[in-house]
Amino acid sequence: MVEILGFTALLGYLQAAVAKIQDPRKASPNQKYSIKDAVLSAFGAFFMQCESFLEYQRQLNSRKGRDNAQSLFKVSKIPTDNQIRNIIDPINAVALIEVFEQIYRKLKAKGYLKPFEVLGGQLLVTLDASEYFSSQCIHCDQCSHRTHKNGTVTYFHNAILPVIVAPGQEHVISLDPEFITPQDGYEKQDSEVAAAKRWMNRHIDLFDDGRVTLLGDDLYSRQPMCELAIEQGFHYIFVCLPESHTALYNWLEFLNANGSLREIQ
Ligand SMILES: [Zn+2]
C-alpha cells in the first residue's frame, strides 16, 4: 500500500486525524511528549512490523531506528513504550477511524480496488472478531467477560476487524474496526453480531450500493442480520451449520432428493 498510495499521503491522513484528538491529560509543564509523538511512535511499531514493542524499542535505541522514527514518521521526541501506553490508553480509537475511510476512498478513486473485484464487481468484506486482550486478573470497565464452569472469570477485549479480501490477492485491505465492548444503555454484554450491525450502520455511505458482499461464519446467518444486510444494500455469504439451520437443511435434503440442488464453487 505504501508504494501505490504514497507514504506521505498515508501519513498525512494519520497526522490530520491525530491533530484533532483532544489531549485527555491535564496540562502540566513537564508534559514532555505530545499525543502526536505517542501515536506516531506506536504506528511506527506496526508499520515496521516489529514483533513486540520491546523489539521496536530496541530498534529505536539504534541510530538507524531513531532516525527512521524522526525522519519517516516525523516523531519529534521518542517516548518509551510505557510512556506511549500511558498517553494512548485514555484516547478513544474512534478518532482514527477516518484514516481507514480516507485510504479506502483513495484506493478506490485510483482504481486499486479493481483487482479485488469478484463475482461481477463485488468487493468481499470479511466480518470476523479477534481477541486482543485476555486476563483473569487485570480488567477494566470496557472489558467483556466469560464465566467458566469452575466459577473463574476471564476478562477480554475483542473487535471485529473487517478486511477486503480476494482470491489470488496476497494482501488484504483493512477497514476500520468495530470494538466489541459494553454499550451505553445496555445491560447485556455486547456481542459480535451486534458490533457487526453497528459497523454496517456506520458504513451505509462509504460503499456503493450493492457492490459489497459480506462474508461471515455461522453466527451471522440469522434472519435479523440478513434483513439488515439487504436493507442496507449489502450482499452476503454466511456459513449455515446444520446444527443451527435444521429447517434449511431439511429443504436441502428435499431439493437434493428431487435432483434440483445446484452447487456453485
Ligand atoms: Zn478491559
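Is Glu-117 buried, partly exposed or exposed, and at what relative accessibility? I looked this up first and found Glu-117 partly exposed, at 25% relative accessibility. The classes I used are buried for under 20% relative accessible area, exposed for over 50% and partly exposed in between, with a 1.4 Å probe and protein chains only.

**Basis.** I note that this is a predicted model, in which local features need pLDDT of at least 70, side-chain atom pairs count only at pLDDT 80 or more, and totals for chains, interfaces and linings use all residues. Residues are numbered from 1 along each chain as its sequence is written, and side-chain values use heavy atoms, with hydrogens and water left out.

**Salt bridges.** I took a salt bridge to be a side-chain nitrogen of Lys or Arg within 4 Å of a carboxyl oxygen of Asp or Glu. With this rule I obtained twelve salt bridges.

Glu-117 pairs with Arg-211 in one of them, at 3.1 Å from N to O. Arg-211 lies in the loop between α8 (192-202) and β8 (212-216) and Glu-117 in the loop between α7 (97-109) and β1 (123-126), so this pair ties together parts 94 residues apart in sequence. Helices (H or I, at least four residues) and strands (E, at least two) are DSSP runs, numbered from the N terminus. Arg-211 is partly exposed, at 32% relative accessibility.

I next looked up Arg-146 and Glu-131, whose closest N and O atoms are 3.0 Å apart in a salt bridge. Because Arg-146 belongs to strand β3 (residues 144-147) and Glu-131 to strand β2 (residues 129-135), the pair ties together parts 15 residues apart in sequence. Both residues count as partly exposed, Arg-146 at 36% and Glu-131 at 41% relative accessibility.

**A network.** I then recorded the salt bridge between Asp-176 and Arg-202, with the closest N and O atoms 2.6 Å apart. Asp-176 sits in the loop between β6 (173-174) and β7 (178-180) and Arg-202 in helix α8, 26 residues apart. Asp-176 is buried, at 1% relative accessible area, whereas Arg-202 is partly exposed, at 33%. A network of salt bridges links these two residues with Glu-178, Asp-190 and Arg-198.

**Zinc site.** Which atoms coordinate the zinc ion? I found Cys-140 (SG), Cys-143 (SG) and His-157 (NE2), at 2.0 to 2.2 Å. The donor residues are spaced C-x2-C-x13-H in sequence. Cys-143 lies in the loop between β2 and β3 and His-157 in strand β4 (residues 153-160), 14 residues apart. Cys-143 and His-157 are buried. Donors are N, O and S atoms within 2.8 Å of the metal (3.2 Å for Na, K and Ca); water is not among the atoms, so sites may look incomplete.
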